[in-house]
Amino acid sequence: MKFFLIAAVDQAMGIGKKGVMPWHLKEDLKYFNRITRGDGHNAVIMGRATWDSIPEDFRPLKNRLNLVLSKNVDYQIPEDGKIVDSLDAALETTRKLKMKEVFVIGGARVFAQTIGHPDCAGIYLTEIQKTFGCDTFFPKIDEKKFKKTSQSEVHEDKGIKFKFVRYDKIL
């Protein structure tokens, strides 16, 4: 099952600080929801810490199958989500359920594990034109493996400029 990574990064490729995203860009959240929801038969895969970082009122992420990676199979999440112990188990679940699109949404260790996976088809990045002193980072994008295929105009929210960029795996 092919999948995409999706993240927002600052200029230093930072994705988080002290367990949370250090920015709140409404347009980026709308973009994330639109891309990952699709027609409502998509899945998102995330690490347990990413799951925990989502405010309780917003989890599970609606209209998407939420797959949470954790070695603790007794970890409890609402029935709209599912605990899986590996990326392979998550991908097998998406195959069995015939999910249309699959997105890996974080965190750093999960991104590092999946960016080189043979089934990683591409990356959706919100590139924020500012640094936030992050302590958690998105992995380096190998330009020999991924090619920038689209880029939006520059948007601005609360004085923060950003753009939406897509990278596709070079076959």
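In this predicted model, strand 7 makes the largest contribution to the lining of the second largest pocket, supplying three residues. That pocket has a volume of about 200 Å³. Its lining consists of 13 residues, of which Val9, Gln11, Met13, Glu127 and Tyr167 are the closest to the pocket centre. Two elements, strand 7 (120-128) and strand 11 (160-169), each give two or more residues to this lining. By residue class, the lining of the second largest pocket comprises six nonpolar, two polar and five charged residues.

The largest pocket has a volume of about 1,500 Å³. It is lined by 46 residues, and those closest to its centre are Met21, Thr50, Ser53, Ile54 and Ile105. Both helices and strands take part in this lining: at least two residues come from each of helix 1 (26-37), helix 2 (48-53) and helix 4 (108-114), and likewise from each of strand 1 (3-9), strand 2 (14-16), strand 4 (64-69) and strand 6 (102-106). Among the contributing elements, helix 1 gives the most, with eight residues. The lining of the largest pocket divides into 21 nonpolar, 14 polar and eleven charged residues.

Helix 1 was examined further with respect to its length and the exposure of its residues. The end C-alpha atoms of helix 1 are 16 Å apart, which agrees with the span of 16 Å that its twelve residues should have at 1.5 Å a residue. Five residues of helix 1 are buried, namely Asp28, Tyr31, Phe32, Ile35 and Thr36. These buried residues lie on the same side of helix 1, because they cover an arc of only 110° around the axis. Such an arrangement can be read against the general geometry of the helix: an α-helix has 3.6 residues a turn, so residues three or four places apart point the same way. The other side of helix 1 carries exposed residues, Lys26, Lys30 and Arg34. The helix that gives the most residues to the lining of the largest pocket thus has a buried side with Asp28, Tyr31, Phe32, Ile35 and Thr36 and exposed residues on the other side.

Contacts between aromatic rings were also considered. The model contains seven aromatic pairs. Ring pairs join Phe4, Phe103 and Tyr124 into a cluster. Of the elements that hold these three residues, strand 1 (3-9) and strand 6 (102-106) each supply at least two residues to the lining of the largest pocket, whereas strand 7 (120-128) contributes to the lining of the second largest pocket.

Conventions
Residues numbered from 1 in each chain as written. Predicted model: local features only at pLDDT ≥ 70, side-chain atom pairs only at ≥ 80, totals over all residues. Heavy atoms only, no water. 1 Å grid on protein atoms, 1.4 Å probe; cavity = no way out; pocket = protein on both sides within 12 Å on 5 of 7 lines; lining within 4 Å. Points joined across faces, edges and corners; volume = space filled by probe spheres on them. Helix = DSSP H or I, 4+ residues; strand = E, 2+ residues; numbered from the N terminus. Nonpolar A, V, L, I, M, F, W, Y, C, P; charged D, E, K, R; others polar. Phe/Tyr/Trp six-rings, centres within 6.5 Å; stacked < 30°, edge-to-face > 60°. Expected span 1.5 Å × (residues − 1). Buried < 20%, exposed > 50% of the residue type's maximum accessible area, 1.4 Å probe, protein only. Arc of directions from axis to C-beta.
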